Amino acid sequence: MTDASETKAKAGAAIIPVTLFQQNCTLLWCETTRKAVVVDPGGEVPQILAAIKQAEVTVEKIWLTHGHIDHVGGAADLRDDLKVPIEGPHRADKYLLNNVVTSGEMFGMTGMRDVLPDRWLEEGETVSVGELSFSILHCPGHSPGSVVYFNDQMRFALVGDVLFKGSIGRTDLSGGCHATLMESITRKLLPLGDDVSFICGHGPGSTLGHERLSNPFLTGDL
Ligand SMILES: [Zn+2]
Ligand SMILES: [Zn+2]
């Protein structure tokens, strides 16, 4: 778990890697109100609850970037525990959310539950936690319903599995499409600006500018 609270003026974050895919479940909070959101609770709910307790924040929402099991497998349990609504992803991932248990069994992952959000998210909508507000970009390609959460004031985004440091989301899974993913990245993500930093679904975060200049999938070196 890493604590990024000193690097962000108004937000704090703790990353809890969950599942065998080491997915970056992210606890993100508004420093002013200490209200928080859990992004992509893929599993290992007790660890997530421990992180919430340690951060001394009040979770008011769960956000999902897309419907893959390592991002959503613990969402139903966490919602039951915390009694908070789930927002996202885009409804195009509904078929994935209806198949969490079945997909998990393929990887020998037990204890996961199918889940549907309380609110589907659409391009251009806004979601908030405490005093922080994020706009939604629908970025299909890795999965049809992938969304990115972008806070303009902090120049910060939660990109799920759309873009990674040095790589991009895989497109060989059900509903994936390489051309669509590249379009999402080049037409929606990169125009947000080089100075935008992001937390992604796996591995370390980065900035859009660093990726634009060095990511082999974006520089044409691959
Ligand atoms: Zn994924
Ligand atoms: Zn993932």
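Let's start at the metal centre of this predicted model. Asp-161 serves as a bridge between the zinc ion (ligand 1) and the zinc ion (ligand 2), and the two ions lie 3.4 Å apart. The pair of His-66 and His-142 links distant parts of the chain: His-66 sits in the loop between strand E4 (58–63) and H2, while His-142 sits in the loop between strand E7 (132–138) and strand E8 (147–151), 76 residues away. Both His-66 and His-142 are buried.

Now take the zinc ion (ligand 1) by itself. The residues that coordinate this ion are His-66 through NE2, His-68 through ND1, His-142 through NE2 and Asp-161 through OD, at 2.1 to 2.4 Å. Read along the sequence, these donor residues follow the spacing H-x1-H-x73-H-x18-D. What is the geometry of the site of the zinc ion (ligand 1)? The angles among its four donor atoms run from 89 to 170°, and the site is irregular. To put such angles in context, the ideal value for four tetrahedral donors is 109.5 degrees.

Next comes the zinc ion (ligand 2). Which protein residues are its donors? They are Asp-70 (OD), His-71 (NE2), Asp-161 (OD) and His-202 (NE2), at 2.0 to 2.7 Å from the ion. The site of the zinc ion (ligand 2) is irregular, with angles of 85 to 160° among its four donor atoms. In sequence, the spacing of its donor residues is D-H-x89-D-x40-H. His-71 lies in helix H2 (residues 69–72) and His-202 lies in the loop between strand E12 (197–200) and strand E13 (206–207), so this pair ties together parts of the chain that are 131 residues apart in sequence. Is His-71 buried or exposed? His-71 counts as buried because its relative accessibility is 0%.

Several of the strands just mentioned come together in a sheet. This is an open sheet of six strands, ordered E6-E7-E8-E9-E12-E13, and its pairing is mixed. Strand E6 (126–129) and E13 are the edge strands, each pairing on one side only. Looking inside the sheet, you will find E8 running antiparallel to strand E9 (residues 156–160), with three bridges joining them. Asn-151 stands opposite Phe-156 in E9.

One edge strand deserves a visit of its own. Ser-206 lies in strand E13, and this residue counts as buried because its relative accessibility is 10%. The side chain of Ser-206 is joined to that of Glu-211 by a polar contact of 2.6 Å. Setting aside neighbours within four places in sequence, the residues in contact with Ser-206 are Lys-165, Val-196, Ser-197, Phe-198 and Glu-211.

Let's turn to the charged side chains. How many salt bridges does the structure hold? There are 13. One of them pairs Asp-80 with Arg-113, where the closest N and O atoms are 3.0 Å apart. Asp-80 belongs to helix H3 (residues 75–82) and Arg-113 to the loop between helix H5 (100–106) and E6, so the pair ties together parts that are 33 residues apart in sequence. With a relative accessibility of 39%, Asp-80 counts as partly exposed, and Arg-113 is partly exposed with a relative accessible area of 33%.

Glu-123 and Lys-188 form another salt bridge, again with the closest N and O atoms 3.0 Å apart. This pair also links distant parts of the chain, with Glu-123 in the loop between H5 and E6 and Lys-188 in helix H6 (residues 178–189), 65 residues apart. Glu-123 is partly exposed at a relative accessible area of 42%, and Lys-188 is partly exposed at 27%.

Helix H6 also holds a local pair. Glu-183 and Arg-187 both lie in this helix, four residues apart, about one turn of the helix. Their salt bridge has its closest N and O atoms 3.8 Å apart. Glu-183 counts as partly exposed at 42% relative accessibility, whereas Arg-187 counts as exposed at 61%. Finally, look for a network: salt bridges link Lys-61, Glu-87, Arg-119 and Glu-125.

Methods:
Residues numbered from 1 in each chain as written. Chains lettered and ligands numbered in written order. Predicted model: local features only at pLDDT ≥ 70, side-chain atom pairs only at ≥ 80, totals over all residues. Heavy atoms only, no water. Donors = N, O, S within 2.8 Å, 3.2 Å for Na, K, Ca; no water. Tetrahedral: all angles 85-135°; square planar, octahedral: opposite > 155°, others 65-115°. Helix = DSSP H or I, 4+ residues; strand = E, 2+ residues; numbered from the N terminus. Buried < 20%, exposed > 50% of the residue type's maximum accessible area, 1.4 Å probe, protein only. Pairing = 2+ DSSP bridges. Salt bridge = Lys/Arg side-chain N within 4 Å of Asp/Glu carboxyl O. Polar contact = N/O pair within 3.5 Å; in protein donor to acceptor, adjacent residues only side chain to side chain. Contact = heavy atoms within 4.5 Å.
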